[in-house]
Amino acid sequence: MKPLKILLFTIGVISSLALSPVDQDEFIRQKVEMISSGIPVLVGEDPIYCRTVLPRFYQERQFKKAWNDKDAKELIQAVSDADEEGLTPTDYHLELLQKLQVTEKDEIQKAEYDLLLTDAFLLYASHFLNGKINPETVDSEWQAVRREGDAKVVLEEALNKNKVREVLKELAPDHIGYKGLRNALREYRSVAKKGGWESIPAGETLKPGMVDSVRIPRLISRLKTSLDLKQNPADQFTYSEQLAEAVKNYQVRNGLEADGNLGKLTTASLNVPVEDRINQIIINMERYRWAAEEMGSHYVIVNIADYQLQVFKDKKKTFEEKVIVGKPFRKTPVFSSKMSYMVLNPTWTVPPTILFNDILPEAKKDPGYLVNKNIRVLSGQGSNATIIDPYTIDWSTLSKSNFPYTLRQDSGPTNALGAVKFMFPNKYNVYIHDTPSRELFNRTDRAFSSGCIRLNNPLQFAGYLMQGRSDWTLEKIQQAVKEGKEQSVMLKEPLMVHILYLTSWVSEGKVQFRSDLYERDRPILKALGDKPPTI
């Protein structure tokens with residue numbers, strides 16, 4: 001009978017609201033109490049989404065109406081522009097607000113209009129501050145850094161100043177990458193309105209000097225649309241050096257091998273529909289809303305999808321190098337942490353994933369595998385640890401649930417971490433390090449690790465971090481590595497490390513696109529298209 005009682009109570013409340021003369025404050029109070037009790041409340045067919053913050057807002061103002069006509073008009077204008085931010089205006093009750101704005105309203109409808117305006121502002125503000133989606137609900141390996149800000153406080157400020165639209169605009173991420181994508185979104189939507197671009201047929205790889213009367217005119221048109229080609233070549237059918245240079249520009253922007261030739265991969269990339277590129281931009285604008293508001297004055301960014309590490313100081317790029325990231329089945333996670341020290345000539349304690357998936361199967365086949373890799377078997381911990389001869393162990397009896405040993409690889413040229421590792425504490429046990437497999441940096445796609453980030457030219461990075469220190473010049477670092485002794489070196493000024501996953505961003509005024517290595521884009525796009533979750 002309990003569900004029936006709840007149902008009757010709800011119907012009774014609604015009936016009393018419909019039939020009894022209730023002033024606006026009382027109506028708002030009753031609605032707020034329903035929301036606070038977990039009872040879904042609709043205005044028209046639109047649900048109230050902000051079920052925690054909205055009740056607090058009205059309780060603190062003793063359930064009085066909050067909105068005047070000027071502020072309401074500004075909010076509706078701001079909401080109608082939400083698509084410029086890669087968001088969906090109808091999420092914020094746009095159609096119903098526009099209808100109610102011009103409708104003659106009774107007292108109850110005025111109160112409902114007020115609730116709807118408040119819900120729209122709070123929801124829009126929270127999406128600016130933290131994104132529409134909680135990233136950890138679509139990807140467990142994404143650790144979000146929530147931006148500071150209370151949507152209720154922001155709303156109160158906007159109403160007190162009568163600057164609703166201005167205050168909302170100020171909530172958008174201030175990162176240059178986000179602003180660049182917002183401009184790119186406008187440009188690519190303009191291209192879409194004009195019909196997009198023609199696809200380029202498949203064929204043999206085109207190189208300078210070759211002639212093709214079908215593909216080359218289409219290629220010229222495509223490259224002009226994306227501004228990779230500024231002027232028409234004199235010959236519309238010959239693959240000229242000018243055209244090859246424009247193709248190189250495109251290849252660099254899209255993470256392809258920049259050989260200037262029109263091959264299979266470049267053709268496939270050029271043929272991605274403009275609508276897909278628009279979606280890619282929108283997805284990554286959402287990712288910027290998840291990112292830390294303040295990255296620091298001196299910080300490291302690793303973009304997993306770009307296989308690149310960059311350092312910025314006072315908004316200028318001061319260091320850049322290639323990286324190798326985790327394989328698709330051992331993804332590098334997304335998180336931020338503070339780098340405080342590096343270790344020269346590190347030993348490597350084999351982590352569980354690699355131990356049980358990679359090394360134990362090899363040791364079961366041949367214990368000599370461990371000897372060849374300079375991996376020691378240790379029994380016990382710390383100073384009580386003893387070295388065990390791997391040939392004396394019955395490896396066939398060992399498993400994930402029965403493994404009483406620690407495996408540690410000695411420092412040296414074959415060590416998996418190479419000459420140096422850079423440490424920033426995190427729950428994933430991920431760090432940046434050297435590697436003996438340096439030939440892999442010559443590849444365009446570099447997803448080969450088990451989750452950690454391998455860095456090209458790591459001693460140059462160590463030298464960069466030690467700039468201005470006479471005790472640790474690059475030459476002294478190189479000498480310490482030659483001596484082979486494991487030692488830690490503290491950074492005088494720790495700096496933030498932000499591990500990101502961006503498949504589109506803007507660099508030096510040019511929009512960049514990358515392949516979705518970990519297939520993280522599609523779930524985000526789907527979630528962005530769904531109704532907003534309640535907050």
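Which residue takes a positive phi near 90° in the hairpin of β8 and β9? The exercises below work towards this and related points. The model is predicted, local features need pLDDT of at least 70, side-chain atom pairs count only at pLDDT 80 or more, and totals for chains, interfaces and linings use all residues. Residues are numbered from 1 along each chain as its sequence is written, and side-chain values use heavy atoms, with hydrogens and water left out.

**Exercise 1. Lay out the sheet that holds β8, then locate the hairpin residue.**

Step 1. Fix the terms. Strands (E, at least two residues) and helices (H or I, at least four) are DSSP runs, numbered from the N terminus. Two strands pair if DSSP finds at least two bridges between them.

Step 2. Take the order. The open sheet has 4 strands, arranged β7-β10-β8-β9, with antiparallel pairing. β7 (348–349) and β9 stand at the edges with a single partner strand each, so one side of each has no neighbour in the sheet.

Step 3. Pair β8 with β10. Strand β8 (residues 375–379) runs antiparallel to strand β10 (residues 405–409), and 5 bridges join them. R376 stands opposite R408 in β10. S379 has Y405 of β10 as its bridge partner.

Step 4. Pair β8 with β9. Here 3 bridges link β8 to strand β9 (residues 386–388), again antiparallel. V377 faces I388 in β9 as its opposite residue.

Step 5. Close the hairpin. There are 6 residues between β8 and β9, and G380 is the residue with a positive phi near 90°.

**Exercise 2. Describe the hairpin of β16 and β17.**

Step 1. Strand β16 (residues 504–507) pairs with strand β17 (residues 510–513) over 4 bridges, in the antiparallel sense.

Step 2. V506 has V511 in β17 as its bridge partner.

Step 3. The hairpin has 2 residues between the strands, and E508 takes a positive phi near 55°.

**Exercise 3. Characterise the packing of α10 on α14.**

Step 1. Get the geometry. Helix α10 (residues 176–193) and helix α14 (residues 274–290) pack at about 160°, with axes 9 Å apart. Axes are lines fitted to C-alpha atoms, for helices over the stretch in contact, and angles run from 0 to 180 degrees between N-to-C directions.

Step 2. Classify the angle. α10 is roughly antiparallel to α14. The classes are roughly parallel under 35 degrees, roughly antiparallel over 145, roughly perpendicular from 65 to 115, and oblique for the rest.

Step 3. Assign the hand. The α10 and α14 crossing is left-handed (the near helix is turned anticlockwise from the far one by less than a right angle; clockwise would be right-handed).

Step 4. List contacts (heavy atoms within 4.5 Å). Residues of α10 including L181, L185 and Y188 meet residues of α14 including I278, I281 and M285.

Step 5. Sort by class. The contact of α10 with α14 has 13 nonpolar, 2 polar and 5 charged residues. Ala, Val, Leu, Ile, Met, Phe, Trp, Tyr, Cys and Pro count as nonpolar, Asp, Glu, Lys and Arg as charged, and the others, Gly among them, as polar.

**Exercise 4. Find the salt bridge within α14.**

Step 1. Apply the criterion: a side-chain nitrogen of Lys or Arg within 4 Å of a carboxyl oxygen of Asp or Glu. The whole structure has 28 salt bridges.

Step 2. Pick the pair. R289 and E286 meet in a salt bridge at 2.9 Å, N to O.

Step 3. Explain the spacing. R289 and E286 are about one helical turn apart, because they lie 3 residues from each other in helix α14.

**Exercise 5. Do the packing analysis for α3 on α6.**

Step 1. Helix α3 (residues 53–60) and helix α6 (residues 107–130) pack at about 125°, with axes 10 Å apart. The two helices α3 and α6 are therefore oblique.

Step 2. The crossing of α3 past α6 is right-handed.

Step 3. V53, L54, F57 and Y58 of α3 make the contact with D114, L115, T118, D119 and L122 of α6. By class, these are 6 nonpolar, 1 polar and 2 charged residues.
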